[in-house]
Amino acid sequence: MTVTEDVGVRGIVVACGDDPHSFTALRDVSIVRVSALPGKAEIDPLLGKHERLIVAGTDADLAAVLVRLLRTDRVSGVSVGFVPAESGSAVAALWGLPTDPVKALEIALDASASEVPLVRDDTGGILAGRATLRNVQGQAYCDEHLAFDGAAAAVEVSADENGLVARVTRGKLVKRSAVFHGRAFQLGCLPTTSLVSDGVAHPREVTKRTWYRHTEDLRLIRP
């Protein structure tokens, strides 16, 4: 395809918040600018009109858009591309996407979608890239396997090609890491404010959280 082909086929670019990309070179691609972490009022009117949705923004912006796909039951009906606004994007690293905006946009416009696991949590959110917690005291399971019982210096959760992956780091002086793969990761802990999801710190203390693979996969556009 070229940039002069049908806009309906190529989809729409949703530029979130203070996304630095101007996209001025694209004359025949529809671009909509929305707020950071866009919600129902901004995203839902776009759904059902485009088979390809390209999100330009942070990992958290992408997660916010994916929530709207989930809530409107359109996860399997839309191909999603991503143009990272940050070079350290966990989503880009996870799925092999370029962080250079020109290359990322080329892939999002022209490549095909493939199904990848979609990870959600028990609060109705989506984990697009990575969730982390630091210095946690509690207990966690990945499916039926005990991940830790006691103290953990760090916990990282993300999707992978087969579902969900959790990395647990224990020890103060000598760090020891264990990696768990499964469908769900359940954590119960003493109150902590260290939860960061897709680069955004949780505003309140948490004592529990579950991440799990959604029943439908995400149609992600990638190389």
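Buried means under 20% relative accessible area, exposed over 50%, and partly exposed in between, with a 1.4 Å probe and protein chains only. The model here is predicted, so local features need pLDDT of at least 70 and side-chain atom pairs count only at pLDDT 80 or more, while totals for chains, interfaces and linings use all residues. Residues are numbered from 1 along each chain as its sequence is written, and side-chain values use heavy atoms, with hydrogens and water left out.

**Exercise 1.** Find which strands hold E156 and R134, and decide whether each residue is buried, partly exposed or exposed.

*Solution.*
- Step 1: The side chains of E156 and R134 form a salt bridge at 3.8 Å, N to O; such a bridge is a side-chain nitrogen of Lys or Arg within 4 Å of a carboxyl oxygen of Asp or Glu.
- Step 2: E156 sits in strand β9 (residues 145-160) and R134 in strand β8 (residues 130-142), 22 residues apart. Strands (E, at least two residues) and helices (H or I, at least four) are DSSP runs, numbered from the N terminus.
- Step 3: R134 has a relative accessible area of 39%, so R134 is partly exposed. E156, at 27%, counts as partly exposed too.

**Exercise 2.** Work out which parts of the chain the D44 and R68 salt bridge ties together.

*Solution.*
- Step 1: The two side chains, D44 and R68, meet at 2.8 Å, N to O.
- Step 2: D44 lies in the loop between α2 (40-43) and β3 (52-57), and R68 in helix α3, so the bridge ties together parts 24 residues apart in sequence.
- Step 3: Both D44 and R68 are buried.

**Exercise 3.** Describe how R209 and D122 are joined, and compare their burial.

*Solution.*
- Step 1: A salt bridge of 3.7 Å, N to O, joins the side chains of R209 and D122.
- Step 2: R209 lies in strand β15 and D122 in the loop between β6 (119-121) and β7 (126-127), so parts 87 residues apart in sequence are tied together.
- Step 3: R209 is buried at 9% relative accessible area, whereas D122 is partly exposed at 41%.
- Step 4: Together with D121, these residues are linked in a network of salt bridges.

**Exercise 4.** Place R222 and list the polar contacts of its side chain.

*Solution.*
- Step 1: R222 is in the segment after β16 (218-221).
- Step 2: With a relative accessible area of 16%, R222 is buried.
- Step 3: The R222 side chain makes polar contacts with the side chains of S114, at 2.9 Å, and E161, at 3.0 Å. A polar contact is a pair of N or O atoms within 3.5 Å; within protein, one must be able to donate a hydrogen and the other to accept it, and residues adjacent in sequence count only if both atoms are side-chain atoms.
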